[in-house]
Amino acid sequence: MTDGQAACRTASTALLTDRYELTMVDAALRDGTAHRRCVFELFGRRLPGARRFGVVAGTGRLLSLIRDFRFDDAELRFLRDENVVDAATLDFLEGYRFTGSVTGYREGELYFPGSPILTIEGTFAEAVVLETLALSVLNHDSAVATAAARMSIAAGDRPLAEMGSRRAGEASAVAAARAAYITGFTATSNLEAGRRWGIPTMGTAAHAWTLLHDTEEDAFRAQIEALGVGTTLLVDTYDIRQGVETAIRVAGTGLGGVRIDSGDLPTVAAEVRAQLDELGATGTRITVTSDLDEYAIAALAASPVDSYGVGTSVVTGSGTPTAGMVYKLVARQDSDGGWVGVAKASTDKASKGGRKAAFRTLDAGTATSELIVVSDGFEALETASAHPDSRALHVPLVIHGEPDAAHEGPAGVEAARAHHARVREELPVRALALSRSDPAIPTVYADAE
């Protein structure tokens with residue numbers, strides 16, 4: 001490997017997993033079950049926070065991480081030094097490649113309790129080790145995406161900017177910006193998210209900029225000189241009314257916008273709008289920030305606000321930081337090679353065995369149910385032709401170990417964003433409410449014919 005190739009090489013993702021995944025592989029290699037064909041399923045038993053729908057996000061990220069799931073020298077050395085597995089398992093892991101298949105809901109798709117979001121088929125050894133990685137990605141990103149979708153619904157046609165990087169871990173911040181963009185946000189303050197995922201970036205100045213200068217007027221003049229009159233000036237460092245007056249006096253009535261980051265936002269926004277209009281700055285936009293969530297955004301619906309900036313609430317899932325998804329074995333080959341459905345029966349944590357196909361039933365374009373067709377054996381699953389008033393939800397994501405690149409990178413993000421916008425139009429009106437409730441549509445199970 002050349003120095004240039006080493007510099008460009010993507011780091012292995014193989015240790016982004018829990019120890020017990022590898023100890024199970026170790027034991028399965030010993031007792032001969034490691035190479036049994038299995039079907040795992042990733043799903044959520046319920047919608048956390050009593051929300052009315054969930055949004056699938058993180059799929060494109062996961063596919064890239066699966067592509068890089070390799071046990072190289074550094075990973076193998078750590079496992080050997082820590083006595084995690086024996087020598088035979090280390091040999092197996094050295095040659096590990098996921099060669100199975102993954103089907104699932106497209107990124108940006110809506111999901112409901114029991115939705116088979118991902119179906120992972122392969123040998124036990126190659127599929128079980130993906131559990132932690134798949135859950136860590138989809139639980140985080142789907143929680144952010146679901147919160148962001150609710151904020152987007154509350155905002156209506158007004159633009160939303162994600163600006164919560166300082167409220168999350170550095171890697172989580174980039175993932176959160178991506179998930180928020182997929183579900184309706186229009187920009188992010190995070191430059192790495194812009195570089196990596198092609199998301200539009202935004203940002204002008206913070207209160208520190210105003211405090212740096214001897215006067216607010218000096219700060220505004222310097223910002224306009226640097227960024228032009230189309231910039232947005234932060235007017236609440238001192239007195240908001242005086243800040244607005246100074247902003248228009250310095251920039252003129254063509255000032256692009258003002259930002260308000262404090263106070264009783266509905267009242268302050270109305271006062272600022274009236275003052276701007278009195279000064280002749282009728283085209284100057286008002287952006288509000290200040291600890292917004294979906295409820296605060298909804299409360300501002302009648303206020304003269306042009307755009308929103310959201311930080312803490314969106315990157316933390318607005319009170320629901322994980323989607324609560326699980327990864328369960330639902331079917332396997334027996335010792336004779338036949339297929340059997342398997343399920344967990346624990347109280348409040350039961351799963352439903354068998355391979356599944358998923359459909360969104362529709363009435364005049366409006367979703368009416370989540371139809372899950374279950375195969376106890378392993379015959380061919382039903383297709384959309386068997387359910388003409390429905391939309392099939394599963395698409396191939398990984399075929400014979402090769403991820404579909406169409407779901408990865410900036411192009412995958414744009415495709416997910418467009419898909420989410422389309423499928424959100426299928427939601428019944430009751431799904432758009434922000435109050436706690438049962439899911440907007442029921443999940444219905446049916447046996448495969």
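Student: Is Ala298 buried, partly exposed or exposed?

Tutor: The model discussed here is a predicted one. The relative accessible area of Ala298 is 34%. Buried means under 20% and exposed means over 50%, with partly exposed in between. Ala298 therefore counts as partly exposed.

Student: Which residues does Ala298 touch, not counting residues up to four places away in sequence?

Tutor: Ala298 belongs to helix 14, which covers residues 294-299. Once residues up to four places away in sequence are set aside, Ala298 touches Ala154 and Leu434.

Student: How many Å apart in space are Ala298 and Trp209, C-alpha to C-alpha?

Tutor: Along the sequence, these two residues are separated by 89 residues. In space, the C-alpha atoms of Ala298 and Trp209 are separated by 30 Å.

Student: Is Asn190 buried or exposed?

Tutor: Asn190 sits in the loop that runs between strand 7 (187-188) and helix 9 (191-197). Its relative accessible area is 11%. The limit for the lowest class is under 20%, so Asn190 is buried.

Student: Which backbone nitrogen does the side chain of Asn190 reach?

Tutor: Leaving aside neighbours within four places in sequence, Asn190 is in contact with Ser165, Ala173, Val174 and Thr201. The side chain of Asn190 also reaches a backbone nitrogen at 3.0 Å, that of Glu192.

Student: Which strands stand at the edges of the sheet that contains strand 7?

Tutor: Six strands with parallel pairing form this open sheet, in the order 7-6-11-10-9-8. A strand at the edge has a single partner strand, so one of its sides is left without a neighbour in the sheet. The edge strands are strand 7 and strand 8.

Student: Which residue in strand 9 stands opposite Leu234?

Tutor: Strand 8 (232-234) pairs with strand 9 (residues 257-260) in the parallel sense, over three bridges. In strand 9, the residue opposite Leu234 is Arg259.

Student: How many bridges join strand 1 to strand 12?

Tutor: An open sheet of seven strands has the order 13-12-1-5-3-17-18, with antiparallel pairing. Its edges are strand 13 (339-341) and strand 18 (402-403). Strand 1 (residues 37-44) and strand 12 (residues 325-333) run antiparallel, and Gly44 stands opposite Met325 of strand 12. The number of bridges joining strand 1 to strand 12 is seven.

Student: At about what angle does helix 7 run to strand 12?

Tutor: Helix 7 covers residues 131-155 and lies across strand 1, strand 5 (118-123) and strand 12. With respect to strand 12, helix 7 runs at about 140 degrees.

Student: How are helix 2 and helix 5 oriented to each other?

Tutor: The axes of helix 2 (residues 19-31) and helix 5 (residues 87-94) come within 9 Å and cross at roughly 110 degrees. In their contact, Leu22, Val25, Asp26 and Leu29 of helix 2 meet Thr89, Phe92 and Leu93 of helix 5. By class, these residues are five nonpolar, one polar and one charged. The range for the crossing angle is 65 to 115 degrees, so helix 2 and helix 5 are roughly perpendicular.

Student: How many charged residues has the contact of helix 8 with helix 16?

Tutor: Helix 8 (residues 170-182) and helix 16 (residues 409-424) have axes that come within 8 Å and cross at roughly 40 degrees, and the two helices are therefore oblique to each other. Arg178, Tyr181 and Ile182 of helix 8 meet Val413, Glu414, Ala416, Arg417 and His420 of helix 16. In this contact four residues are nonpolar and one is polar, while the number of charged residues is three.

Definitions and conventions. Residues numbered from 1 in each chain as written. Predicted model: local features only at pLDDT ≥ 70, side-chain atom pairs only at ≥ 80, totals over all residues. Heavy atoms only, no water. Axes fitted to C-alpha atoms, helices over the stretch in contact; angles between N-to-C directions. Helix = DSSP H or I, 4+ residues; strand = E, 2+ residues; numbered from the N terminus. Parallel < 35°, antiparallel > 145°, perpendicular 65-115°, else oblique. Contact = heavy atoms within 4.5 Å. Nonpolar A, V, L, I, M, F, W, Y, C, P; charged D, E, K, R; others polar. Buried < 20%, exposed > 50% of the residue type's maximum accessible area, 1.4 Å probe, protein only. Polar contact = N/O pair within 3.5 Å; in protein donor to acceptor, adjacent residues only side chain to side chain. Pairing = 2+ DSSP bridges.
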